[in-house]
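Work through the following exercises with the model open beside you, and try each task before you read its solution.

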Amino acid sequence: MRNTARRENDGTLPHPPSPSRKGRGRAGIWALPTGTLFTLLLASPAFAMHISEGILPFSWALAWYLVLVPFLALGARRLNALAREDLSLKPLVGLLTAVVFIISCMPIPVPTAGTCSHPCGTGVSAILVGPLVSVVVAAVSLLIQALFLAHGGLSTLGANALSMGVIGSFAAWFTFRVLRRMGGSLGVAGFFAGIVADWATYTATSLFLALGIRGDAPLWPLFAKVVVAFLPTQLPLGILEGVITAGMVTLLYRKRPDLLVRMRVITEKEGSVNA
């Protein structure tokens, strides 16, 4: 009593815990398990984009880098040569890099393989600036994705850039040129170039994966399994990429035929028809 009276006189009587503090304490106790439960319920499975970091053995990762380097060197040389002729080319290449980055950054889960499919975008870049410059475009896009989005990886960048940049770009460019020489329209040639770029990229990716992970297993049965795993998503995605490629080339022809002439996609005579 004396102590209580003294404390009251001193005005230093400690306040009992308020109900609100107790409430906050209980809320804090329930917050962690409740948040964890919601996180588990709402979390979506993580799927790998491109060939992920660490998937390929060092020897294969290094081999794909060594194959890629000459194409990158030729692409950089070609880009500089074209830029000396036309100063507006480098901004266009930057824009195409952004386009390829965005298009190839849209993952579609592949339930049977635990990985992702996605469009590539290299069909458009190969048609507009050529396959060698398109290799540079794809490599830069994949490097940015690996560094900032953890899509793919630095150790597998050589394999990813080789499949999407080199094989996808050259497949698209040859398809487009052959169909144009055969009299195909821009839309038809662009459509099939987009499809071939997409499917060629995933065929190469399947081969790189099979070579890297097969161990002592036979190569071609494993390669067939990886290809079949990608089929449910990559078949429609390839067609979608064909539509996107045809749409972009056709739109450029209607709005900026002069740009296609400068990129040597069409002749001056074809450009003057729509000018």
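**Exercise 1. The surroundings of Ser125**

Find which residues Ser125 touches, not counting residues up to four places away in sequence, and decide whether Ser125 is buried or exposed.

Solution. The model is a predicted one, and the first step is to locate the residue, which is found in helix α5. Leaving out residues up to four places away in sequence, the contacts of Ser125 are Leu96, Val100, Gly130, Ser134 and Val137. With Ser134 there is also a polar contact, made between the two side chains at 2.6 Å. For the last step, a residue counts as buried when its relative accessible area is under 20%; Ser125 has 1%, so it is buried.

**Exercise 2. The helix around it**

Determine how many residues of helix α5 are buried, and state which residue follows α5.

Solution. Helix α5 covers residues 122-129, and 8 of its 8 residues are buried, so the helix is largely enclosed by the rest of the structure. By name, these residues are Thr122, Gly123, Val124, Ser125, Ala126, Ile127, Leu128 and Val129. After the helix comes Gly130, which has a positive phi, near 90 degrees. On the other side, the loop between β2 (115-117) and α5 holds His118. The relative accessibility of His118 is 3%, so His118 counts as buried, and its side chain is joined to that of His50 by a polar contact of 3.0 Å.

**Exercise 3. From the helix to the core**

Identify the residues with the most contacts inside the largest nonpolar core, and say which element gives the largest share of this core.

Solution. The largest nonpolar core has 54 residues, and Leu89, Val129 and Val265 are the ones with the most contacts inside it. Two or more residues of this core come from each of α3, α4, α5, α6, α7, α8, α9 and α10, and the largest share, 10 residues, comes from α8. Turning now to Val129, which is among the buried residues of α5, we find that it touches Leu82, Leu89, Leu92, Val93, Leu96, Ser134 and Met263 when residues up to four places away in sequence are not counted.

**Exercise 4. Salt bridges**

Trace the salt bridge of Glu85 and Arg264, then find which residues are joined with Arg262 into one network.

Solution. A search of the whole structure finds 5 salt bridges. In one of them the side chains of Glu85 and Arg264 meet, with 3.3 Å from N to O. Glu85 lies in helix α3 (58-85) while Arg264 lies in the loop between α10 (257-262) and α11 (268-274), so this pair ties together parts that are 179 residues apart in sequence. Glu85 itself is exposed, having a relative accessible area of 57%.

The next step is the salt bridge between the side chains of Asp86 and Arg262, at 3.1 Å from N to O. This pair also links distant parts of the chain, since Asp86 is in the loop between α3 and α4 whereas Arg262 is in helix α10, 176 residues apart. Arg262 meets Asp258 as well, in a salt bridge of 4.0 Å from N to O; here both partners lie in helix α10, 4 residues apart, which is about one turn of the helix. Through salt bridges that share partners, Asp86, Arg256, Asp258 and Arg262 are joined into one network. Two of its members are partly exposed, namely Arg262 at 37% relative accessibility and Asp258 at 36%.

**Exercise 5. The surface and the whole chain**

Name the residues that make the nonpolar surface patch of about 610 Å², and find what part of the 275 residues is buried.

Solution. The patch is made by Val140, Leu143, Ile144, Leu147, Phe148, Leu149 and Leu154. Leu154 sits in the loop between α6 (131-148) and α7 (157-181), and it is partly exposed, with a relative accessible area of 41%. For the protein as a whole, buried residues make up 41% of the 275 residues, and the accessible surface comes to about 15,200 Å², 69% of which belongs to carbon and sulfur atoms. The secondary structure comes to 11 helices and 2 strands. Finally, among contacts between residues at least 6 apart in sequence, 71% join residues at least 24 apart.

Notes: Residues numbered from 1 in each chain as written. Predicted model: local features only at pLDDT ≥ 70, side-chain atom pairs only at ≥ 80, totals over all residues. Heavy atoms only, no water. Patch = residues over 30% accessible without salt bridge, like charges linked within 9 Å, V, L, I, M, F, W, Y side chains within 5 Å. Areas by Shrake-Rupley, 256 points an atom, 1.4 Å probe, with all protein chains shown as cover. Buried < 20%, exposed > 50% of the residue type's maximum accessible area, 1.4 Å probe, protein only. Core = buried A, V, L, I, M, F, W, Y, C linked by side-chain atoms within 4.5 Å. Contact = heavy atoms within 4.5 Å. Polar contact = N/O pair within 3.5 Å; in protein donor to acceptor, adjacent residues only side chain to side chain.
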